[in-house]
There are 2 protein chains.
Amino acid sequence: MINRIHGGNCPEPNIIDFSVNINPLGPPKGLSDIIAKNAGLILHYPDPFSERLKRRLSAFHDIGSENIAIGNGSIELIYLVSRIFKIKKALIVTPTFSEYEYALRLNGSMPGFFNTHEQEHFVIDRAKITRSIPRAGILFLCNPNNPTGSLLHGDEMLHLVRLCKKRGTTLILDEAFIDFTEEARKKAVMSESVKNESLVILRSMTKFFAMPGLRLGYAIGHKRIMERIAEFQYPWNVNGLAQLVGERVLANKDYMHRTRAFIAKERQYMLEGLNNIKGLKVYPPSANFILCRLRAASVRNSKELIGRLLQDGIYIRDCGNFRGLDDTFFRIAVRKRSDNIRLITAFKKVL
Amino acid sequence: MINRIHGGNCPEPNIIDFSVNINPLGPPKGLSDIIAKNAGLILHYPDPFSERLKRRLSAFHDIGSENIAIGNGSIELIYLVSRIFKIKKALIVTPTFSEYEYALRLNGSMPGFFNTHEQEHFVIDRAKITRSIPRAGILFLCNPNNPTGSLLHGDEMLHLVRLCKKRGTTLILDEAFIDFTEEARKKAVMSESVKNESLVILRSMTKFFAMPGLRLGYAIGHKRIMERIAEFQYPWNVNGLAQLVGERVLANKDYMHRTRAFIAKERQYMLEGLNNIKGLKVYPPSANFILCRLRAASVRNSKELIGRLLQDGIYIRDCGNFRGLDDTFFRIAVRKRSDNIRLITAFKKVL
């Protein structure tokens, strides 16, 4: 089996952690208070199938409750969709989150890989993918893609969905980071998923709302697919505090707008800073993280870079274990300005 | 598929809920404070495979960390063991928790049923089960059994494990309620499970510690079986607050002793009270709940009884949907004395 090492293993508490892709603004104001005040919720069983939260999300996205499935983190839904499509032919657009491959193999699929290339900034070549989509299979695509930052916009995505439909293939579209982009405000792709069995969307709530400790994600898609997911879910899969907080944060539209504006500005700031550093190649980001590659003679690989940056109190994500990347790639989360300045300064010193 | 209706759907907030089997003492003192003070944990990803909690449980039970798997509630582990034993031959000792059957069917097994009978107080007949255990299969047994309260003691259990081993069958022993009994203090059965692949034990932490909203359970068994469970688990399956609280409550031995003493006393009190009510048959309880059957001409079935008790502010669990029971059975949780008095009084009035 493939390895299961992920970000977020920040070695010490006083290190600034650029390895996890969490909203740098922190959770919406008052979230800790909500948890403290509702600690009594742990005394009761949660809603076994999160029906209330489904209704809340249904109103938020203006789609039916029956088009939603709630997961104990979006990772639960990655495993479930890999399971319900009893299909051997699967294709993963790489380099990407390693759990798609793991989940598919666990369910007896031997996935193929559609590799995007660093020379092309990891952008999907439309002609090439048209030739590669399997018949009657599934296609895993992360958009915006972790860790490359490559992003397909609405029209391109709808084109891909139509291609998949023609081939009888289902696109599993992991939008774990889409809320950090302006694409989150567009409705065309989501509208397509509720009426079209060729598209299932996965969303995370814990990255954008900075609460990964709580575990919460959801899937959007055709009623029949959501029913199939529910069939395989055990009851009470989502804890009561996650359900409550999930309902509450959706009301905070101001936080959503502020986050997107903040990320856009800081991402640009970091991009300029990193582009000015000799010995680095920076790939065009779209969400709250930036993929880079070492081009310096003075530092051999990301492992060595990580060791040196740690001395300056900074931790970044080694991307050497992503299929399709090598040990010179690493990923940086967009954080607050003061942290970002420290990162750029540390890079200048090391490289 | 079979129905997925469970207890804990108490219709109104001011009703005394005897339908869920939770520790009536409430969670250990200070648990809400721990959650309030550590609400900041939600900002960080949980330990992906709960290694810290495994080590804590390993010390608590004096077994190896490699003999433990942590679940998002013991229900996750019920689904996982039903999945990893790719076996068609399964037997469930009934009447019991409906999710064993659901989980087995989900994984392509058509389970058989070893029925215990009300004339025999739902006690397992040793000669009969000896003849019934399948070869190279799995056997699901809940001990103490929900909802009948029937309990096999250590020696009887070890005998059953030896029988299973001879047949090449694995006993899945759900001990979700064992902490409410004195059997929890004995070590023989657990010792057997870590060295013998014919026995896997499932434990719940949220019933005894009165925190079902948090979701936490674990499995104990042979290293090879625990590795197989881990292979099928998605990372970060247990939320960070559950992990922390799980570690903390294990230190509270005083609470454990007090709970067992309290339950033993109140169970006896309720048993005597219920036995004095004409029109009721009461089955010998062993944990924190009591199974009863209606024998009154004045009330037709449990549904009608529930309706009448609700008028007195009391909610009990209809057991009509348990395989092997009919619509005259119901289950009552053991609660605090004042609640229990109200229950007995209400029963006297209704029957």
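**Exercise 1. A cysteine in chain A**

Is C164(A) buried or exposed in this predicted model, and which cysteine sulfur is nearest to that of C164(A)?

*Solution.* Start with accessibility: C164(A) has a relative accessible area of 0%. Buried means under 20%, so C164(A) counts as buried. Next, look for a sulfur partner. The nearest cysteine sulfur belongs to C142(A), 15 Å away. A disulfide needs the two sulfur atoms within 2.5 Å, and C164(A) is in no disulfide.

**Exercise 2. A cysteine in chain B, then the whole structure**

Work out how far the nearest cysteine sulfur is from C319(B), and how many disulfides a search of the whole structure finds.

*Solution.* C319(B) is buried as well, at 0% relative accessible area. The nearest cysteine sulfur, from C292(B), is 9.1 Å away, and C319(B) is in no disulfide. Widening the search to all chains gives zero disulfides.

**Exercise 3. A salt bridge across the sequence**

Find which elements of chain A the salt-bridge partners E266(A) and R337(A) belong to, and say how exposed each partner is.

*Solution.* First check the contact: the N to O distance between the side chains of E266(A) and R337(A) is 2.9 Å, and they meet in a salt bridge. Now place the partners. E266(A) sits in helix α10 (residues 253–275) and R337(A) in helix α12 (residues 337–350), so the pair links parts of the chain 71 residues apart. Finally, compare their surroundings: E266(A) is buried at 2%, while R337(A) is partly exposed at 32%.

**Exercise 4. Salt bridges in chain B**

For the salt bridges E182(B) to R185(B) and R335(B) to D339(B), give the closest N to O distances and sort the residues by exposure.

*Solution.* Take E182(B) and R185(B) to begin with: their closest N and O atoms are 3.5 Å apart. E182(B) is partly exposed at 45%, and R185(B) is partly exposed at 49%. Then turn to R335(B) and D339(B), where the closest N and O atoms are 2.9 Å apart. Here R335(B) is partly exposed at 25%, but D339(B) falls under the 20% cut-off with 16% and is buried.

Salt bridges can also share partners: E118(A), K281(A), R293(A), R295(A) and D326(A) are joined into one network this way. Over all chains, the count of salt bridges is 44.

**Exercise 5. Classifying ring pairs**

The structure holds 30 aromatic pairs over all chains. Classify the pair Y79(A) and Y102(A), then the pair F330(A) and F347(A).

*Solution.* For Y79(A) and Y102(A), the ring centres are 6.2 Å apart and the planes meet at 35°, so this pair is tilted. Y79(A) is in helix α3 (residues 74–84) and Y102(A) in helix α4 (residues 99–106), 23 residues apart. Both tyrosines, Y79(A) and Y102(A), are buried.

For F330(A) and F347(A), the centres are 5.6 Å apart and the planes 20° apart, and the pair is stacked. Because F330(A) lies in strand β13 (residues 329–333) and F347(A) in helix α12, the pair ties together parts 17 residues apart in sequence. F330(A) is buried at 0%, and F347(A) is buried at 0% too.

**Exercise 6. Charges over rings**

Over which rings do the charged ends of R335(A) and R323(B) sit?

*Solution.* The charged end of R335(A) sits over the ring of F18(A), 5.6 Å from the ring centre. In chain B, the charged end of R323(B) sits over F113(B), 3.9 Å from the ring centre.

Technical notes
Residues are numbered from 1 along each chain as its sequence is written. Chains are lettered from A and ligands numbered from 1 in the order in which they are written. This is a predicted model: local features need pLDDT of at least 70, side-chain atom pairs count only at pLDDT 80 or more; totals for chains, interfaces and linings use all residues. Side-chain values use heavy atoms; hydrogens and water are left out. A salt bridge is a side-chain nitrogen of Lys or Arg within 4 Å of a carboxyl oxygen of Asp or Glu. Helices (H or I, at least four residues) and strands (E, at least two) are DSSP runs, numbered from the N terminus. Buried means under 20% relative accessible area, exposed over 50%, partly exposed in between (1.4 Å probe, protein chains only). Rings of Phe, Tyr and Trp (its six-membered ring) pair if their centres lie within 6.5 Å; planes under 30 degrees apart count as stacked, over 60 as edge-to-face and the rest as tilted. A charge sits over a ring if NZ of Lys or CZ of Arg is within 6 Å of the ring centre and within 35 degrees of the ring normal.
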